[in-house]
Amino acid sequence: MLPFVVYSLVLLLSLVGVALNVLSLPGNWIMFVAAVILSACHHWQSPSATILVLMFILLLAGEAIEFFGSVVGARKFGASTAAAWAAIGGTLTGGLIGSFILLIVGSLIGAIVGAFLAALAVELLKQRPLKHATWAAIGAVLGRIVGTAAKLAFGLAAWFALLFSAWPR
């Protein structure tokens, strides 16, 4: 009975971790740490080292897509390279500021607003027309949203790998 209870608690904690991705919090890594601890407690058998490596790769891919989402989105909507990279800085800065102002939900809102404002500001500083600058900023926001969705999807894929590989035997 105890292995099933521990397994259930790890899965619940991990699912909460995946949900934290929506708020731009490092929930995937909470899940990964829980999976590593569970595996260590089971002599690296459940989940296996192979599954842990698979989870790690999935989670890194999700992080990369989220990180570069604003850049790709901004570039697709015509932003300059400088504005696209500024969107990343705006995402990070906005996420930090937003988390202090609006607590939990603020990090996501701040990241989106930060990406928008940074891309818009750089395009306007480059003396691009307001319409062009606005589209570039919208692209940065859409890229950020797609990046967050991808990170959530990769987190869910890792969660399912944990679900099926760590079942108590």
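In this predicted model, the protein chain exposes about 8900 Å², and carbon and sulfur atoms supply 82% of that area. As for what sits inside, 43% of the 169 residues count as buried. Laid along its principal axes, the set of C-alpha atoms fills a box of roughly 65 × 30 × 15 Å.

The fold itself is quick to describe. The protein chain has six helices and zero strands, so its pattern along the sequence reads α-α-α-α-α-α. Contacts reach well along the sequence, too: among those with a separation of 6 or more, 66% are between residues 24 or more positions apart.

Helix α3 is a good place to start looking around. Spanning residues 49-76, this helix has 28 residues, and the distance from its first C-alpha to its last is 39 Å. That is close to the 40 Å expected at 1.5 Å a residue. Even so, α3 is not straight throughout, as there is a bend of about 45° at Phe-68. A good many of its residues are tucked away: Ile-51, Leu-52, Met-55, Leu-58 and Leu-59 are among the buried ones, and so are Gly-62, Glu-66, Gly-69, Ser-70, Val-71, Gly-73 and Ala-74. After the helix comes Gly-78, with a positive phi near 95°.

Next come the charged pairs. How many salt bridges does a search of the whole structure find? The search turns up four. One of them pairs Lys-151 with Glu-63, and their closest N and O atoms are 3.1 Å apart. Lys-151 belongs to helix α6 (residues 130-165) and Glu-63 to helix α3, so this pair ties together parts that lie 88 residues apart in sequence. Is Lys-151 buried or exposed? Its relative accessibility is 4%, and because the cut-off for buried is under 20%, Lys-151 counts as buried.

Another salt bridge joins the side chains of Arg-144 and Glu-66, at 3.4 Å from N to O. Here again the partners come from distant parts of the chain, with Arg-144 in helix α6 and Glu-66 in helix α3, 78 residues apart. Both Arg-144 and Glu-66 are buried.

A further salt bridge links Arg-128 and Glu-123, whose closest N and O atoms are 2.9 Å apart. The two ends of this pair sit in unlike surroundings: Arg-128 is partly exposed, at a relative accessible area of 31%, whereas Glu-123 is buried, at 0%. Elsewhere, salt bridges that share partners bring Glu-63, Glu-66, Arg-144 and Lys-151 together in one network.

Back on the outside, there is a nonpolar patch on the surface, made up of Leu-96, Ile-97, Phe-100, Ile-101, Leu-102, Val-105, Ile-109, Val-113 and Leu-117. Together these residues have about 910 Å² of accessible area. Which elements give two or more residues to the nonpolar patch? They are α4 (81-101) and α5 (103-125). Val-105, one of the patch residues, is found in helix α5. With a relative accessible area of 43%, Val-105 falls between the 20% and 50% cut-offs and is therefore partly exposed.

Finally, the loops hold a few backbone oddities. Most residues other than glycine have a negative phi, and most peptide bonds are trans. The loop between α2 (27-41) and α3 contains Pro-47, which is joined to Ser-46 by a cis peptide bond with omega at about 0°. His-43 is found in the loop between α2 and α3 as well. Although His-43 is not a glycine, its phi is positive, about 55°. His-43 is also exposed, with a relative accessible area of 64%.

Where does Gln-127 lie? This residue is in the loop between α5 and α6. Gln-127 has a phi near 60°, which is again a positive value in a residue other than glycine. Its relative accessible area is 72%, and because anything over 50% counts as exposed, Gln-127 is exposed.

Key:
Residues are numbered from 1 along each chain as its sequence is written. This is a predicted model: local features need pLDDT of at least 70, side-chain atom pairs count only at pLDDT 80 or more; totals for chains, interfaces and linings use all residues. Side-chain values use heavy atoms; hydrogens and water are left out. Patches are made of residues with over 30% relative accessible area and no salt bridge: like charges are joined within 9 Å, nonpolar side chains (Val, Leu, Ile, Met, Phe, Trp, Tyr) within 5 Å. Accessible areas come from the Shrake-Rupley method with a 1.4 Å probe; for residues, only the protein chains shown count as cover. Helices (H or I, at least four residues) and strands (E, at least two) are DSSP runs, numbered from the N terminus. Buried means under 20% relative accessible area, exposed over 50%, partly exposed in between (1.4 Å probe, protein chains only). The expected span of a helix is 1.5 Å times one less than its number of residues. The bend at a residue is the angle between axes fitted to the seven residues ending there and the seven starting there. Contact means heavy atoms within 4.5 Å.
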